[in-house]
Each structure stands twice: as structure tokens, then as C-alpha cells.
Amino acid sequence: MEVIIRPSSAEAAMLAARLIAAALRVKPHLVLGLATGRTMEQVYDLLANMELDFAACRTFNLDEYIGVPPDDEHSYRSYMNQRLLGRVNIRLTSTHVPDGMAPDLGAEAARYERLIGEAGGIDLQLLGIGEDGHIGFNEPLSSLMSRTREKALSPATRRQNAAMFGGDADRVPKRALTMGVGTILDARRVVLLATGPAKAAVLARAVEGPITAMISASALQLHPRCTVIADEDAASAMAQREYYDWAFQNEPEWEGYRP
Ligand code: GLP
């Protein structure tokens, strides 16, 4: 794992966008794993303005609320179309979000896993982190080997996402379809972006604490090519800061860091 700390959330988002742009330039038919949430809004805005060629790119989103139709403004499909997919030259048929309206959610989960496999696996998976340590919607107790499946959202997650539902946590769906931790670990490269003070405690536990199903992001310690990008606020509780800064300045791991 590599940890990169940037002075501001804007600069952290810019680095994440640049890494995705670099990967897309190297491999135009990139299979890109996408995340939602407020943290990603800046990244998608930057990507949409970089004049990148997404014509051959395929995307897979991490998760979707169950019972929210794709054209509902609260769906992650709407979020993605509005923030990125509708703003670049990607073919919408090459973009995938789990179908939270599927009558048979188990079959939909299996279909999603199959589609990822048929695409050749995910080259680069972008991740945020929930305040309870979730990646995707892998809430505490998610098996570190889990695959795409239905998951009940924690009360804390529903409170955190209430802002997108008029501030009312009761309106946030109770369940979601999400890639599993094992699905995420299968991606060839992972980039986790965390910004803001609310993520500081959980990010330190995920990066520097023991690997535990209570913090699904801690499973990323098992991934051979994982980059964590944080702003100063999100990085403020990490103990090994000096080493992370030194390594990034002197021994950076990825050629994509160059502008
Ligand atoms: C959401 C999503 C995650 C996202 C996380 C953080 O619930 N399922 O994929 O990373 O929570 O969201 P935010 O960036 O708004 O803090």
C-alpha cells in the first residue's frame, strides 16, 4: 500500500483524476471501477473537463440502492450519468451499475460478477470510504472474501447519506446491492480517496490498524497495488506520516503521478 497526502481536498481529487486519466491513456479499453459519494464529485468534474477519450472504456460501479429506480434522482445510476457518464464520450451501454430493482437480487448479483469477469476484470477501482470503514456498501461484518450481494445498511451509513435524501435518514434505503470485498480485491489496481476530518479516525484504522471485517477498507492491506490518497484533514490521525511523505517524494510507485 502507498499513502499519498495532498495539502487540500482539491489537490487530492486532482491526483486521483490524473491517475485515472493516465491509466485511460495507456489503455483506452480500460475497465474502470467507479464509486459514488460526495468525495468523488470533484474527481468526476475534473475528469469530465480533461477531454479524455472514453469511447472504448467500460465501467462498473460498486453499488446501488435497492428499490430505487435508475431514473430516480437518488439512484447511483443517476449520480453517475449526471456527474460523469453523461458528460464524456463513453457508450452508456458499456457502463454498469447493479440493478437495485431486479426481481431476483441474488441472480442480479451473480450476473454482475459474471459481467465483470466477461470484461476481463477491473483494471482500476476507485474507492471512497464510509465513516464506518466501508468500501462500496460493505458494512461492518462483511466477509473479507464476499462477492456482489445484498447488504443491509448500518444506521450510521443511513445518517451519513441522509443529506442526499433531504436530510432525512429514514428516507435512505435500508439495503443495497454491492460488490463484495473479495470482488474489490480482485481489481488489478485500487485507488482510495478520502478527504475531510470526518474520515481521519477510520482512515488511520483502515491503513495502520489490524485487518478486520469490522473495517472493510482494512482488507486493502492485502492488495498488492493499492494507493490511498488523502488530504491533510483525512490524514491527520495516521502515525507513519513522515514515512509516507518521504516515500512519495523519493520513491513514488506509479508513473501516473507525473502531470
Ligand atoms: C457511500 C458509498 C461509498 C462511498 C462512501 C463515502 O455510502 N456507498 O462507495 O465511498 O459512502 O461517501 P462520501 O464520499 O459522501 O463521504
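## Where the ligand sits

Start with the ligand: its home is the largest pocket. Keep in mind that this is a predicted model.

Around the ligand there is a shell of 14 residues, and R38, T39, D63, N161 and K199 are the closest of them. Sorted by class, that shell comes out as seven polar, four nonpolar and three charged residues.

## Polar contacts and burial

Which residues put polar atoms by the ligand's oxygens? T39 is one of them, with a polar side-chain atom 2.5 Å from a ligand oxygen. N161 also uses its side chain, where an N or O atom lies 2.9 Å from an oxygen atom of the ligand. I129 joins in through its backbone instead: a polar atom there is 3.5 Å from a ligand oxygen.

How much of the ligand does the protein bury? On its own, the ligand would expose 390 Å², and the protein buries 95% of that.

## Aromatic pairs

Moving on to the rings, the structure has eight aromatic pairs. One to look at is Y65 with F137: the ring centres are 5.6 Å apart and the planes meet at 45°, so this pair counts as tilted.

Why does the Y65–F137 pair tie together parts that are apart in sequence? Y65 belongs to strand β4 (residues 63-65), while F137 is in the loop between β6 (124-127) and β7 (149-152), so the pair links parts that are 72 residues apart in sequence.

Notes: Residues are numbered from 1 along each chain as its sequence is written. This is a predicted model: local features need pLDDT of at least 70, side-chain atom pairs count only at pLDDT 80 or more; totals for chains, interfaces and linings use all residues. Side-chain values use heavy atoms; hydrogens and water are left out. A residue is near a molecule or strand if one of its heavy atoms lies within 4 Å of it. A polar contact is a pair of N or O atoms within 3.5 Å; within protein, one must be able to donate a hydrogen and the other to accept it, and residues adjacent in sequence count only if both atoms are side-chain atoms. Accessible areas come from the Shrake-Rupley method with a 1.4 Å probe; for residues, only the protein chains shown count as cover. On a 1 Å grid over the protein atoms alone, a cavity is a set of points where a 1.4 Å probe fits but cannot get out, and a pocket is an open set with protein on both sides within 12 Å along at least five of seven lines; lining residues have an atom within 4 Å of a point. A molecule sits in a cavity or pocket if more than half of its atoms lie within 2 Å of its grid points. Ala, Val, Leu, Ile, Met, Phe, Trp, Tyr, Cys and Pro count as nonpolar, Asp, Glu, Lys and Arg as charged, and the others, Gly among them, as polar. Rings of Phe, Tyr and Trp (its six-membered ring) pair if their centres lie within 6.5 Å; planes under 30 degrees apart count as stacked, over 60 as edge-to-face and the rest as tilted. Helices (H or I, at least four residues) and strands (E, at least two) are DSSP runs, numbered from the N terminus.
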